[in-house]
Amino acid sequence: MKFGGHETFFLRPGWLTKGLTLVQADVNVTWNSDRASDVMGVGRNMSKSIGWWLSRTGTSHRAERNQPLTLTPLGKGILENDPYLVQLATWWLLHFQLVLNGPNDVFSWFFGSRADPRFTRAALEGSLHAQIERSGEKMPAAMTLHRDIAVLLQSYGRPLPAPSVDPEDNLDCPFRRLDLIVHRTDLDVFERRSALSVIAPEALCFGLLSTLTLAEDSDYVDIPLDHMGALSRLGVATGRSVDAVADAIAAAAGTLDDDLLTIRQLAGLRMARVRVLPGEDWLKLHIHRTSNLSEAKKGRAA
């Protein structure tokens with residue numbers, strides 16, 4: 001399991017936009033430099049943290065240590081279709097990239113297992129410590145483990161009751177908008193949530209595909225809606241039960257075109273046929289569909 005690397009900063013609004021824009025303008029960017037800090041208007045440690053988040057969310061890539069840093073197709077797709085990352089669907093895509101497609105770290109560990117629904121920070125650290133001992137991996141320093149758990153909870157834990165802050169000064173991590181973890185600040189207890197926020201059908205399809213090992217030449221994949229492996233993984237990652245995930249996929253089929261997602265009966269089983277597309281294509285489809293809906297509403301209002 002990988003630990004550290006994020007300089008203990010949780011992801012802040014605007015960070016990805018600043019980082020993606022900088023990489024697009026300068027492939028020779030070095031995050032630990034005065035130039036990167038000055039261009040983005042942040043400190044040196046925050047600059048390094050932005051670089052870590054871009055890499056970890058699969059939006060930037062460096063083929064070799066001394067090779068130029070480039071935007072991935074997903075990073076380019078975000079800049080082209082949602083440069084200010086205002087779409088909730090974008091954050092669901094990044095969440096799935098973080099917890100289902102990334103390396104084995106604290107994020108994939110937490111959102112890959114149905115741990116206790118209610119826990120303290122210390123209890124979660126204890127669970128991770130026990131997991132590392134069972135795996136036989138080298139135990140990281142206590143401070144490193146503590147910081148990784150802190151970044152996870154600061155990134156996703158939405159405080160309740162919500163603090164009174166000026167909207168212009170709001171520094172909440174956008175992953176909190178997914179409503180997957182709440183922090184009961186009066187008790188200092190965290191709770192997993194049965195996610196209340198809507199998952200765009202396109203993001204849901206990307207998440208479902210991210211739970212599978214796909215052949216490179218796959219155009220479509222058929223998934224039984226009682227597929228406990230894929231649906232269970234997606235359920236843990238989204239705070240939903242397996243049945244709720246299956247129902248959400250079935251509902252998404254009523255929104256998307258048949259060449260993207262269809263539900264059919266086969267030998268008494270509900271089967272979902274999903275078009276195999278990368279995240280940037282799903283995002284583009286989402287923006288196109290919602291833009292058309294918005295234009296249609298304006299037309300009816302006129």
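This note covers two strand pairings and one loop residue.

1. Basis. This is a predicted model, in which local features need pLDDT of at least 70, side-chain atom pairs count only at pLDDT 80 or more, and totals for chains, interfaces and linings use all residues. Residues are numbered from 1 along each chain as its sequence is written, and side-chain values use heavy atoms, with hydrogens and water left out.

2. The open sheet. Four strands (DSSP runs of E, at least two residues, numbered from the N terminus) form an open sheet in the order 3-6-5-4. The pairing (at least two DSSP bridges between two strands) is mixed. Strand 3 (118–119) and strand 4 (157–160) each have a single partner strand, so one side of each lacks a neighbour in the sheet.

3. Strands 4 and 5. Strand 4 runs parallel to strand 5 (residues 181–184), joined by 4 bridges. Gly157 sits opposite Ile181 of strand 5.

4. Strands 7 and 9. Strand 7 (residues 220–224) pairs with strand 9 (residues 269–275) in the antiparallel sense, over 5 bridges. Ile223 faces Ala272 in strand 9. Side chains alternate along strand 7. Val221 and Ile223 point to one face and are buried (under 20% relative accessible area, 1.4 Å probe, protein chains only); Tyr220, Asp222 and Pro224 point to the other and are not buried.

5. Thr211. This residue lies in the loop between helix 9 (201–210; a DSSP run of H or I, at least four residues) and strand 7. Thr211 is buried, at 10% relative accessible area. Its side chain reaches the backbone oxygen of Leu208 at 2.6 Å. Beyond neighbours within four places in sequence, Thr211 is in contact (heavy atoms within 4.5 Å) with Leu100, Ala230, Arg233 and Leu234.

Note on methods
Buried means under 20% relative accessible area, exposed over 50%, partly exposed in between (1.4 Å probe, protein chains only). A polar contact is a pair of N or O atoms within 3.5 Å; within protein, one must be able to donate a hydrogen and the other to accept it, and residues adjacent in sequence count only if both atoms are side-chain atoms.
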